[in-house]
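This report goes through one protein model, taking its sheets, helix packing and charged pairs in turn. The sequence and structure come first.

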Amino acid sequence: MIRIRARAPGRRLLALGLPTAWGAMAITYKLACPLAQQTGLGARIATSAVFFAVGTGLVLHVRQVLLRELKQVRDVAGAAQSTLLRPLPPHVDGLRVAAAQLSADRGARVGGDLYEVVATEHGVRAVMGDVRGHGIGAIGTVAAVLGSFREAVHDEPDLGRVLRRLDRALARHLRERARSDGESPVAEEFVTVLLLEIGREGEVRALNCGHPWPYRLLDTRVEPLSSAEPLPPLGPFPLPPELPAVRCPALRPGEVLFLHTDGAEDARDAHGRFFPLAAVLASALSAGARTPQALLAAVFTRLLRHTQGAPADDVAFLVLRDERPRRRALSGSRAAARSATTHPQPTKHL
């Protein structure tokens, strides 16, 4: 649990006592100082200078207090974001992993994007999501979805049942928030979610609820992982009765999946042009970027240059590179041929 440390009694006394002392000094000067009672030009200038100094001090003090409180809120929000989007390990069951997130709410340093990669007995499972909105208000929804995913991926053998667990967790969170805030969760809140499952031999299955499909990087080519129509985002509409996972082409050793939120391709430059993510990835591959970290660095550099350092929406990237050796068993025909070559059968003579 993240706790906000209470202000020390001395600091609280200083915050209240200093403005009071300044105000008392100004009143005392006005009532008791002989100079303040005079009506000459010099006396008026002196009185105005005193009250100007007191007023300036009060304004500066209030500004300092507000900045200190804002910094504390930012620190707490940043700690919460770091707890939710914890750093991913560089390798997960033979997959090389890298992830990064950039919040549009630069003051709060938090965003509404989410991602996670977990090795399970059912394969490596990954989630990429985007909560409507950004900033501190999105933290609760991110926590509900990520917490459900981290538990469900180990319990549920079927990817569709994992998605239903996420949908139920989101619905509970929105109902609780509606009761406390009086908001309408169905009309105002939704989450796009992409679930991936990568097997030991590179087989890929996916469920997509309103999220951009990842890019598959094949040598120097950049292709969408799938062209299947996504399901609606979680929240506004119920899931269909059947949730068959989309079977995608299997990953080969060295191939990369580049997951992203829509804040990347929707980012505009000063002329209103969208960020060409696929072209940037192809350029990075041609320049020799092969590792997830190198790809992230290349894309983020171009994105910040494209938006002049101020994207209008949250952006998150998750890169998975398959580095697992394949140990497929020989097919029956090849095994039989090898056996026949090694151990020839004796020839029968009639």
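The text below describes the two sheets, then a helix, then the salt bridges and cysteines.

The model is predicted: local features need pLDDT of at least 70, side-chain atom pairs count only at pLDDT 80 or more, and totals for chains, interfaces and linings use all residues. Residues are numbered from 1 along each chain as its sequence is written, and side-chain values use heavy atoms, with hydrogens and water left out.

## Sheets

Helices (H or I, at least four residues) and strands (E, at least two) are DSSP runs, numbered from the N terminus. Two strands count as paired if DSSP finds at least two bridges between them.

An open sheet of five strands is ordered E3-E4-E5-E6-E9, and its pairing is antiparallel. Strand E3 (113-120) and strand E9 (246-248) are the edge strands, each pairing on one side only. On average, neighbouring strands of this sheet are turned by 20 degrees against each other, direction ignored. Angles run from 0 to 180 degrees between N-to-C directions, and axes are lines fitted to C-alpha atoms, for helices over the stretch in contact. E3 and strand E4 (residues 123-131) run antiparallel and are joined by eight bridges. Helix H4 (residues 139-155) packs on this sheet and touches E3, E4 and E5, with a direction about 10 degrees from that of E3. Contact here means heavy atoms within 4.5 Å. Within the E3 and E4 pair, Ala-119 stands opposite Val-124 in E4.

An open sheet of six strands has the order E1-E2-E11-E10-E7-E8, also with antiparallel pairing. Its edge strands are strand E1 (91-92) and E8, each of which pairs on one side only. Helix H9 packs on the sheet, where it touches E2, E7, E10 and E11, and its direction makes about 20 degrees with that of E2. Strand E2 (residues 95-102) and strand E11 (residues 315-322) run antiparallel, with eight bridges between them. Leu-102 has Val-315 in E11 as its bridge partner.

At the E8 edge, E7 and E8 pair in the antiparallel sense over four bridges. These two strands form a hairpin with two residues between them, and Asp-219 in the turn has a positive phi of about 55 degrees. Arg-216 stands opposite Glu-223 in E8.

## Helix H8

Which residues of helix H8 (residues 277-286) are buried? They are Leu-277, Val-280, Leu-281, Ala-284 and Leu-285. Viewed down the axis of H8, these buried residues fall within an arc of 135 degrees, so they line one face of the helix. The arc is that of the directions from the helix axis to the C-beta atoms. An α-helix has 3.6 residues a turn, so residues three or four places apart point the same way. The cover over the buried residues of H8 includes strand E7 (215-218), strand E8 (221-224), strand E10 (256-260), helix H7 (262-265) and helix H9 (292-306). After H8 comes Gly-288, whose phi is positive, near 100 degrees.

Buried means under 20% relative accessible area, exposed over 50%, and partly exposed in between (1.4 Å probe, protein chains only).

## Salt bridges and cysteines

A salt bridge is a side-chain nitrogen of Lys or Arg within 4 Å of a carboxyl oxygen of Asp or Glu. The whole structure contains 17 salt bridges. Three of the pairs are tabulated here.

| Pair | N to O distance | Relative accessibility |
|---|---|---|
| Glu-189 and Arg-177 | 2.8 Å | Glu-189 5%; Arg-177 17% |
| Glu-255 and Arg-252 | 2.5 Å | Glu-255 4%; Arg-252 47% |
| Arg-321 and Glu-323 | 3.1 Å | Arg-321 18%; Glu-323 35% |

Glu-189 lies in the loop between helix H6 (185-188) and strand E5 (191-198), and Arg-177 lies in helix H5 (residues 159-181), so their salt bridge ties together parts that are 12 residues apart in sequence. Glu-189 is buried, and Arg-177 is buried as well. In the second pair, Glu-255 is buried, whereas Arg-252 is partly exposed. In the third, Arg-321 is buried and Glu-323 is partly exposed.

A network of salt bridges links Glu-151, Asp-155, Glu-156, Arg-161 and Arg-165.

How many disulfides does the structure hold? It holds zero, a disulfide being a pair of cysteine sulfur atoms within 2.5 Å. Cys-209 is buried at 0% relative accessibility, and Cys-248 is buried at 11%.
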